[in-house]
Amino acid sequence: MRAQSAEQVASALAGSPAEPGGVIARGAGRSYGDAAQNGGGTVLDMTGLRGDLVLDAERGTVRAGAGVTFAELLLFLAERGRTLPVVPGTRHLTLGGAIASDVHGKNHVRDGSIAPHVESFTLCTPAGGPTEVSARLERELFEGTLGGMGLTGVVVEATLRTAPMAAAHARADVDRMDGLEETLALMAQESGHRYAIAWIDLLAEGTAFGRAVVTRSHDGAPGEGRESARAGGGAGGSRKDAGRADGGSQRSGPHARGGAPFPVRPRVSVPRGFPRGVLRPATVRAFNGLHWRSTPRRERGRRMSMSAHLFPLDVLGDWNRLYGPGGLMQYQFAVPRGAEDTLLKVVGGLRERRVPMYLAVIKRFGPGSGGMLSFPLEGWTLAIDMPADAPGLRGALDEADELIAAAGGRVYLAKDARLGAQTLREMYPDVERLRELRARIDPRQTLRSDMARRLGLCG
């Protein structure tokens, strides 16, 4: 069902469920898991809820419909000299989906997840209809919805805090590392960088296993290579600026001349029916080796475009098709600071089970947002892409779950399709708070999904 208005969403939630499966909202469908799938029930397509993008220049906030993507939102803001403090790893995510997942970026240590930058949102709940929610009003509902996988209601509109955009690029310091432990040591240093991420080679053999490329960066300075933001779109203005996501008629800021901060469409897309044999351990291992050797041992001040800086995978459209009909599984987990040995054990265990770990990236996390099912916790997060049909993968990940839970860590629900209900309770201690909240706002358990049933979050 494609929702065109908040009234349609409220109506779908208020009436008696047409099917036993209930209702769940779906954004752009970019989750790797089953949070927005609902076998036997209704799925609300939220991409039609867009409305006007409205920038309040005086307060430095932007109001947008839940179906607007980050690509559209960032382009709209860049035209006016503004940006978002936190963005996910792909610009194709919808705003509603980002709130439901409490998404994070490469700058979590400094800026947190999206939660601290959400001023308010309109949430349709089965029991209460449209409700304005913020950290001050309906705080419990706010904490349940940020990272709540759509199980507290349907976000139809949200207001985010923005920040001035100084330049359309970043400056990066790049280091080529020989091992995982020294990579963690470098990333743990307080270097003053705003963003940090490490690509790790988990297919290399022998002593090269775990070699990495660490990229630490900060926003470019005003006037570097492009026109700096002008006062017309800055936070010091006194008027409200409303317009569609195509940028409206007024153009100001770093991108008033010279085009968009990133390509609207990917340069290349992987076609359907991509031959499965092309992506295999031998070819990925060779590519990884070439990437590592071609990276300078130490480089300072590298200029990076916004695409390369924030959305490196978006350059290749439909990249998931590289994995063929068997698909991919991304296993992303977090462990607390001080539990680095657990991270190394998880990686070592997957290596011993001969699981092909094609792509792996690691980031640091700062303190969590307080969301009941929000993923980030102060420490480390590692994301690994693997063929979903790799022999022994499920058993290997079950063993990894046990190590992570015992260390006080957790698996990212937005990318999960296999975790069990008992493991969820071990990893997310606030899950009972969410159950109590759901009993109040959704007594008939209208909000359901395949994930909710798998994790025992609904009857």
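## Strand β8 and its partners

In this predicted model, R63 stands opposite T159, a residue of strand β8. Strand β8 covers residues 154–161, and R63 falls within strand β4, which covers residues 61–65. Strands β4 and β8 pair in the antiparallel sense over five bridges; two strands are said to pair if DSSP finds at least two bridges between them. Helices (H or I, at least four residues) and strands (E, at least two) are DSSP runs, numbered from the N terminus.

Strand β8 has another partner in strand β6, residues 118–125, and the two are joined in the antiparallel sense by six bridges. Here T122 stands opposite E157 of β8. Which description suits strand β8, enclosed or open? Six of its eight residues are buried, so strand β8 is largely enclosed by the rest of the structure. Buried means under 20% relative accessible area, exposed over 50%, and partly exposed in between (1.4 Å probe, protein chains only).

## Basis of the model

Residues are numbered from 1 along each chain as its sequence is written, and side-chain values use heavy atoms, with hydrogens and water left out. Because this is a predicted model, local features need pLDDT of at least 70 and side-chain atom pairs count only at pLDDT 80 or more, while totals for chains, interfaces and linings use all residues.

## The chain as a whole

The chain contains 13 helices and 20 strands. Of its 459 residues, 55% are buried. Contacts (heavy atoms within 4.5 Å) can also be sorted by separation along the sequence. Among the contacts with a separation of 6 or more, 74% join residues that are 24 or more positions apart.

How many disulfides does the structure hold? The count is zero, where a disulfide is a pair of cysteine sulfur atoms within 2.5 Å. Two cysteines may be considered individually. C124 counts as buried because its relative accessibility is 0%. C458 is also buried, because its relative accessible area is 12%.

## The open sheet of eight strands

Eight strands form an open sheet in the order β15-β10-β12-β11-β18-β19-β17-β20, and the pairing is antiparallel. The edges of this sheet are strand β15 (298–305) and strand β20 (410–411), each of which pairs on one side only.

Within the sheet, strand β18 (residues 359–365) and strand β19 (residues 379–387) pair in the antiparallel sense over seven bridges. At one position of this pairing, R364 stands opposite W380 in β19.

## Cavities and a pocket

A search of the whole structure finds two cavities of 30 Å³ or more. On a 1 Å grid over the protein atoms alone, a cavity is a set of points where a 1.4 Å probe fits but cannot get out; a pocket is an open set with protein on both sides within 12 Å along at least five of seven lines; lining residues have an atom within 4 Å of a point. Grid points are joined across faces, edges and corners, and a volume is the space filled by probe spheres set on the points.

The largest cavity holds about 50 Å³ of space. Its lining includes M329, Q330, Y331 and Q332, together with V411 and Y412. Strand β17 (residues 328–336) gives the most to this lining, with four residues. By class, the lining has five nonpolar, two polar and three charged residues. Ala, Val, Leu, Ile, Met, Phe, Trp, Tyr, Cys and Pro count as nonpolar, Asp, Glu, Lys and Arg as charged, and the others, Gly among them, as polar.

The second largest cavity holds about 30 Å³. It is lined by L84, P85, V86, I114, H117, L160 and R161, which divide into five nonpolar, one polar and one charged. L160 and R161 fall within the range of strand β8, residues 154–161.

The second largest pocket has a volume of about 290 Å³. Of its 13 lining residues, L203, R285, R351, R354 and V355 lie nearest its centre. Eight of the lining residues are nonpolar, one is polar and four are charged.

## Two buried polar or charged residues

N288 lies in helix α7, residues 281–294, and counts as buried because its relative accessibility is 2%. Not counting residues up to four places away in sequence, N288 touches W199, D201, L203, R211 and Y358. L203 is also one of the residues nearest the centre of the second largest pocket.

D314 is found in the loop between α8 (306–310) and β16 (316–317). Is this residue buried or exposed? D314 is buried, because its relative accessible area is 7%. Leaving aside neighbours within four places in sequence, D314 is in contact with T90, R91, H92 and P266.
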